[in-house]
Amino acid sequence: MSDDNHILDILDLTLTPALPRLGHQLRCQMDARLKEPVDLTRIICNVVMKFGPLKMLDRNYTLPDLLAIMGAGLSGDPKPPAGPWKQTWYLQIPETVPVAEHRIRLRARTGHGKGFFALDIPVDFRRRNHPFATNDTVSSRMIHSTRHAVRRW
């Protein structure tokens, strides 16, 4: 998760439903704090997606382009001041992702090269973990920022 070296201090990140399904929508709610003003249109995100030892994706996107690929976009001021920052995105999970347990490593930097945020997200798309329920709003998963925790993968 992000730490003291990052501009964005993520306080809470909630994903609904807790078990995202291929081809369905995922709501991502973020409650965070910006330590300084930033131009969100110039944020560069490095996305690495793995399952097992296989790296499926290792690519850089601007934050607006990454959100657009997932069917979402930036809302509010694209150059927010320091202070509280809340966002809600409705992301479309592609159907073409292999059915497996994935690890997504997301690292973002400002246009000036400063660390913006860091996330390691485990996502399980294995069919046996997805009941046939149609109500996607029943549960959610909260990811809490633990500033001093280090996750290795």
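**Exercise 1. Which residue is the bridge partner of L15 in β2?**

Before the solution, some ground rules. This is a predicted model, where local features need pLDDT of at least 70 and side-chain atom pairs count only at pLDDT 80 or more, while totals for chains, interfaces and linings use all residues. Residues are numbered from 1 along each chain as its sequence is written, and side-chain values use heavy atoms, with hydrogens and water left out.

*Step 1.* Find the strands. Helices (H or I, at least four residues) and strands (E, at least two) are DSSP runs, numbered from the N terminus. Strand β1 covers residues 8-16, and strand β2 covers residues 25-34.

*Step 2.* Check the pairing. Two strands pair if DSSP finds at least two bridges between them. β1 and β2 are antiparallel, with 8 bridges.

*Step 3.* Read off the partner: L15 bridges to C28 in β2. Similarly, T14 has Q29 as its bridge partner.

*Step 4.* Look at the loop between β1 and β2, where P17 is found. T16 and P17 are joined by a cis peptide bond, with omega at about 5 degrees.

**Exercise 2. Trace the overall layout of the protein.**

*Step 1.* Count the elements: there are 8 strands and 1 helix.

*Step 2.* Put them in sequence order, and you get β-β-β-β-α-β-β-β-β.

*Step 3.* See how much is covered. Buried means under 20% relative accessible area, exposed over 50%, and partly exposed in between (1.4 Å probe, protein chains only). By that rule, 39% of the 153 residues are buried. In β1, 7 of the 9 residues are buried.

*Step 4.* Check the contacts (heavy atoms within 4.5 Å). Take those between residues at least 6 apart in sequence: 67% of them join residues at least 24 apart.

**Exercise 3. Which side chains of β2 are buried, and which are not?**

*Step 1.* Start with the general idea: in a regular strand the side chains alternate between the two faces of the sheet.

*Step 2.* Sort the residues. L26, C28, M30, A32 and L34 point to one face and are buried. Q25, R27, Q29, D31 and R33 point to the other face and are not buried.

*Step 3.* Find another strand that pairs with β2. β5 runs antiparallel to β2, with 10 bridges between them, and C28 sits opposite W89 there.

*Step 4.* Visit G83, which also lies in β5. G83 counts as buried because its relative accessibility is 14%. Leaving out residues up to four places away in sequence, G83 touches A32, R33 and L34. The C-alpha atoms of G83 and P37 are 8.4 Å apart, though 46 residues separate them along the chain.

**Exercise 4. Follow the pairing from β3 to β7.**

*Step 1.* Begin at β3 (residues 44-51), which pairs antiparallel with β6 (residues 101-109) over 7 bridges. Here C45 stands opposite A108.

*Step 2.* Move on to β7 (residues 115-124), joined to β6 by 9 bridges, again antiparallel. E101 faces D124 in this pair.

*Step 3.* Look at the turn. β6 and β7 make a hairpin with 5 residues between them, and G113 in that turn has a positive phi of about 90 degrees.

**Exercise 5. Is L63 buried or exposed?**

*Step 1.* Locate L63 in helix α1.

*Step 2.* Apply the cut-off: L63 is buried because its relative accessible area is 6%.

*Step 3.* List its contacts. Ignoring neighbours within four places in sequence, L63 is in contact with L40, I43, C45 and L74. For L63 and C45, 18 residues apart along the chain, the C-alpha separation is 6.1 Å.

**Exercise 6. How many residues line the largest pocket, and which lie nearest its centre?**

*Step 1.* Pin down the term. On a 1 Å grid over the protein atoms alone, a pocket is an open set of points where a 1.4 Å probe fits, with protein on both sides within 12 Å along at least five of seven lines; lining residues have an atom within 4 Å of a point.

*Step 2.* Count the lining: 31 residues, of which L66, M70, L91, I104 and L106 lie nearest the centre.

*Step 3.* Find the biggest contributor. β7 gives the largest share, 5 residues.
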